[in-house]
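Subject: Structure handover

Hello,

Here is the structure, followed by notes on what was found in it. Please read the notes with the model open.

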Amino acid sequence: MKKLNVGLVGAGFMGKAHSIGYSDMPKYFWPAPAVPVLKTICDIVPEIAADAKERFGFEKCCTDWRDIVNDPEIDVVSICTPNNVHAEIAIAALNAGKHVLCEKPIASNASEFQQMYDTAIKNQVILLEAMRSVF
């Protein structure tokens, strides 16, 4: 079974939700199309990053999102940061050849989104906006 190494940026509420979602994904799909591997979680607060690593079972933690983007082992970057930095992180990840799952809103304006979209097309990677389901 194919494994996809996940780097998650932002360990706040949505970061926690994404962590649980990745962990539970194989329970929802039989057979799972791939298995997410919780590789690295990032938060600007070192204690939060370290706690999230232990709590959710990531292999590593960091405080600079660039560590995830520049890690050749990472396949997917999950962006759960404040909205105003979504585009910067996503464009860097897409340029590094990573697939990106970005929390909504995906960008602050249409120009940012266009840059993200164009970068995904240029690098032949997936850019996906996370949509909330109704609980």
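Which residues of strand 4 (residues 76-79) lie on one side, which on the other, and are they buried or exposed? Val76 and Ser78 are on one side, Val77 and Ile79 are on the other, and all are buried, so both faces of the strand are covered. Buried here means under 20% relative accessible area, exposed means over 50%, and partly exposed is in between (1.4 Å probe, protein chains only). In a regular strand the side chains alternate between the two faces of the sheet.

Some conventions before the rest. The model is predicted, so local features need pLDDT of at least 70 and side-chain atom pairs count only at pLDDT 80 or more, while totals for chains, interfaces and linings use all residues. Residues are numbered from 1 along each chain as its sequence is written, and side-chain values use heavy atoms, with hydrogens and water left out. Helices (H or I, at least four residues) and strands (E, at least two) are DSSP runs, numbered from the N terminus.

The sheet

Six strands form an open sheet in the order 3-2-1-4-5-6, with parallel pairing; two strands pair if DSSP finds at least two bridges between them. Strand 3 (60-62) and strand 6 (127-129) are the edge strands, each pairing on one side only. From one strand to the next the twist averages 25°, where axes are lines fitted to C-alpha atoms (for helices over the stretch in contact) and angles run from 0 to 180 degrees between N-to-C directions.

Strand 4 pairs in the parallel sense with strand 1 (residues 3-9) over four bridges, and Val76 stands opposite Val6. Strand 4 also runs parallel to strand 5 (residues 99-102), again with four bridges. In strand 5, His99 is the bridge partner of Val76, and Val100 stands opposite Val77.

Towards one edge, strand 2 (residues 35-42) and strand 3 are parallel and share three bridges; Thr40 stands opposite Lys60 there. Towards the other edge, strand 5 pairs with strand 6 in the parallel sense over three bridges, and Leu101 has Leu128 as its bridge partner.

Two right-handed β-α-β units can be traced here: strand 4, helix 4 (residues 86-95) and strand 5 make one, and strand 5, helix 5 (residues 110-123) and strand 6 make another. A crossover is right-handed if, with the strands pointing away from the viewer, the path from the first strand over the helix to the second runs clockwise.

Salt bridges

The structure holds eight salt bridges, each a side-chain nitrogen of Lys or Arg within 4 Å of a carboxyl oxygen of Asp or Glu. In one of them, the closest N and O atoms of Lys39 and Glu59 are 2.8 Å apart. This pair links distant parts of the chain, with Lys39 in strand 2 and Glu59 in the loop between helix 2 and strand 3, 20 residues apart. Lys39 is buried at 11% relative accessible area, whereas Glu59 is partly exposed at 42%.

Asp71 and Lys60 also meet in a salt bridge, at 3.2 Å from N to O. Asp71 is in the loop between helix 3 (65-69) and strand 4, and Lys60 is in strand 3, eleven residues apart. Asp71 counts as buried at 11% relative accessibility, and Lys60 is partly exposed at 38%. Lys39, Glu59 and Glu73 are joined into one network by salt bridges that share partners.

Within helix 2 (residues 46-56), Arg55 and Asp51 lie four residues apart, about one turn of the helix. Their side chains form a salt bridge of 3.0 Å, N to O. Arg55 is exposed, with a relative accessible area of 57%.

Backbone points to check

Most residues other than glycine have a negative phi, and most peptide bonds are trans. The bond joining Trp30 and Pro31 is cis, with omega about -15°; Pro31 is in the loop between helix 1 (13-28) and strand 2. The bond from Lys104 to Pro105 is cis as well, with omega near -5°, and Pro105 lies in the loop between strand 5 and helix 5. Gln124 has a positive phi, near 55°, and is found in the loop between helix 5 and strand 6. Gln124 counts as exposed at 72% relative accessibility.

Regards
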